[in-house]
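Here is a structure to go through by question and answer. Each reply sets a value against the rule behind a term.

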Amino acid sequence: MTTDLVERVRKRLARGDVDISPAVVANAVREEAGGVVGHADVLSALTLLRQEFVGVGPLDPLLRDPATTDVLVTGPHQVWVDGAGGLRRTEVRFPDEGAVRRLAQRLAMSAGRRLDDAQPYVDGWLPAADSHVRLHAVLPPIAEHTCLSLRILRPAAHGLQDLRALGTFGDEVHDLLCAIVTARLAFLVSGGTGTGKTTLLSALLGQVPPGERIVCVEDAGELMPHHPQFARLVARPPNIEGAGEVTLRDLVRQGLRMRPDRVVVGEVRGAEVIELLAALNTGHDGGAGTVHANSPAEVPARLEALAAVGGLGREALHSQLAAAVHVVLHMRRRPERRLTHIGLLARTADGVVVRPVWADGEWGPARDQLSDLLADRGVEPC
């Protein structure tokens, strides 16, 4: 069964108006082959063409692996997976660049998005029964080859105890994290892409008492904590005509009208930081979010840059930040995902700084300050 024959069958099926069934495919194979075709060849064609028209094609076995977190295609012969063992190259191959492009466009269509030369990139969610798969794709000439990224988000696979068992943090830090949530301290989880920020935040939200209502605002619905009072609002991009956009700033305002006990922004990436800090300063204790930053010390500068997009100056941002957020939890990948730093935000003459409470297994000078803060809220100090 040659690639050329499969391509001819694919084109024949694409031109037809009938529903694609195994019998239809088998007849198309025999007609294109121009003679008698063995059962093995028909089965081979059915497998290849099913990958062409159904699901995620040859990537399906990779996504079904429960250890897989990301599937990355950077070319027809470069398919990578990420998971517990780190990034590794697989044996999966596509026939050519066109096969990758067709798969990307079909997945974009199933996600309700457009992907073509006029709109050469897409971000969306694929329908799935037992997991959420986030799709991102870029077409040439924006990229050298069609690039396809699939991130698998499975329902609340890890609680705090699970992360402790995996070595993300130790027993002492586990108890401290529980105390931070119980004391309703506002916190941010910082780190780079793929370091486990969302996983840690989801686990921490699972520790929130069931009688408290969590309203979460996200650009993409990634957080899935085990919690009975979890309400999610998801932003919406503009349509092809440029209308219908719903921003994170809009949703934070709407979320405050939904009687939240805790307000969460899944990823603080723009001017919505202004609304989040305002919410945390108006009686909504225990709020949280994630933010991209290289280190805990850089979190204030990162938020400063994001707030500037919305017109909030440095001095005003630092004043609100000092009153609104208490703790920074920093994640890194080495190559395993680890919680490496816990910091306490403090106001100085030059602005807000992050003082170390715990870093790489060692307690820092701000430990006593955090203990006092917890004690003031009636929670056993760390």
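**Reading the terms**

P141 sits in the loop that runs between β5 and β6. The model is a predicted one.

Q: What makes the bond between P140 and P141 a cis peptide bond?
A: Look at omega. It is about 5 degrees, and the bond joining P140 and P141 is cis.

Q: What is notable about phi of R259?
A: Phi of R259 is near 55 degrees. That is a positive value, and the residue is not glycine. R259 lies in the loop between α9 (248-255) and β10 (262-265).

Q: How do you know where confidence is lowest and where it is highest in the chain?
A: Compare the means on the pLDDT scale, which runs from 0 to 100. Helix α3 (residues 39-53) has the lowest confidence, with a mean of 63. Strand β7 (residues 187-191) has the highest, at 97. For the whole chain the mean pLDDT is 88. Of its residues, 89% reach 70 or more.

Q: Why are α9 and α10 called roughly parallel?
A: Their axes cross at roughly 20 degrees and come within 8 Å. Angles under 35 degrees count as roughly parallel. Therefore α9 is roughly parallel to α10. The crossing in which α9 passes α10 is left-handed.

Q: Why are α10 and α12 called oblique to each other?
A: Helix α10 (residues 272-280) and helix α12 (residues 314-324) pack at about 45 degrees. Their axes are 9 Å apart. Roughly parallel needs an angle under 35 degrees, and roughly perpendicular needs 65 to 115. The angle fits neither class, so α10 and α12 are oblique. Their crossing is left-handed.

Q: Why are α11 and α12 called oblique to each other?
A: The axes of helix α11 (residues 299-309) and α12 cross at roughly 125 degrees. They come within 10 Å. Roughly perpendicular covers 65 to 115, and roughly antiparallel means over 145. The angle falls in neither class, so α11 and α12 are oblique to each other. The crossing of α11 and α12 is right-handed.

Q: What lines the largest pocket?
A: The lining has 48 residues. Nearest the centre lie T69, R151, G196, T199 and R337. Elements that give two or more residues include β1 (68-75), β2 (78-83), α8 (197-205) and β13 (337-348). β6 gives the most, with 5 residues. The volume of this pocket is about 1,400 Å³.

Q: How does the lining of the largest pocket divide by class?
A: It has 15 nonpolar, 19 polar and 14 charged residues. Gly counts as polar under this scheme. G196, one of the residues nearest the centre, is therefore classed as polar.

Q: What lines the second largest pocket?
A: There are 27 lining residues. R113, D123, R236, P237 and P238 lie nearest the centre of this pocket. Strand β4 (residues 121-126) gives the most, with 5 residues. The second largest pocket has a volume of about 780 Å³. Its lining has 12 nonpolar, 6 polar and 9 charged residues.

Q: What makes a space a cavity, and how many cavities are counted here?
A: In a cavity a 1.4 Å probe fits but cannot get out. By this rule, 2 cavities of 30 Å³ or more are counted. The largest cavity has a volume of about 60 Å³. The second largest holds about 30 Å³.

Q: Why does the lining of the largest cavity count 6 charged residues?
A: Go through the names: R134, E218, D219, A220, E222, G266, E267 and R269 line this cavity. Asp, Glu, Lys and Arg count as charged. R134, E218, D219, E222, E267 and R269 are therefore the 6 charged residues. The lining also has 1 nonpolar and 1 polar residue. Ala counts as nonpolar and Gly as polar, so these are A220 and G266.

Q: What makes 5 residues in the lining of the second largest cavity nonpolar?
A: This cavity is lined by V181, F187, L204, L205, V208, R262 and G286. Val, Leu and Phe are on the nonpolar list. V181, F187, L204, L205 and V208 are therefore the 5 nonpolar residues. R262 is the 1 charged residue and G286 the 1 polar residue.

Note on methods. Residues numbered from 1 in each chain as written. Predicted model: local features only at pLDDT ≥ 70, side-chain atom pairs only at ≥ 80, totals over all residues. Heavy atoms only, no water. 1 Å grid on protein atoms, 1.4 Å probe; cavity = no way out; pocket = protein on both sides within 12 Å on 5 of 7 lines; lining within 4 Å. Points joined across faces, edges and corners; volume = space filled by probe spheres on them. Helix = DSSP H or I, 4+ residues; strand = E, 2+ residues; numbered from the N terminus. pLDDT = per-residue confidence, 0-100. Axes fitted to C-alpha atoms, helices over the stretch in contact; angles between N-to-C directions. Left-handed = near helix turned anticlockwise from the far one by under 90°.
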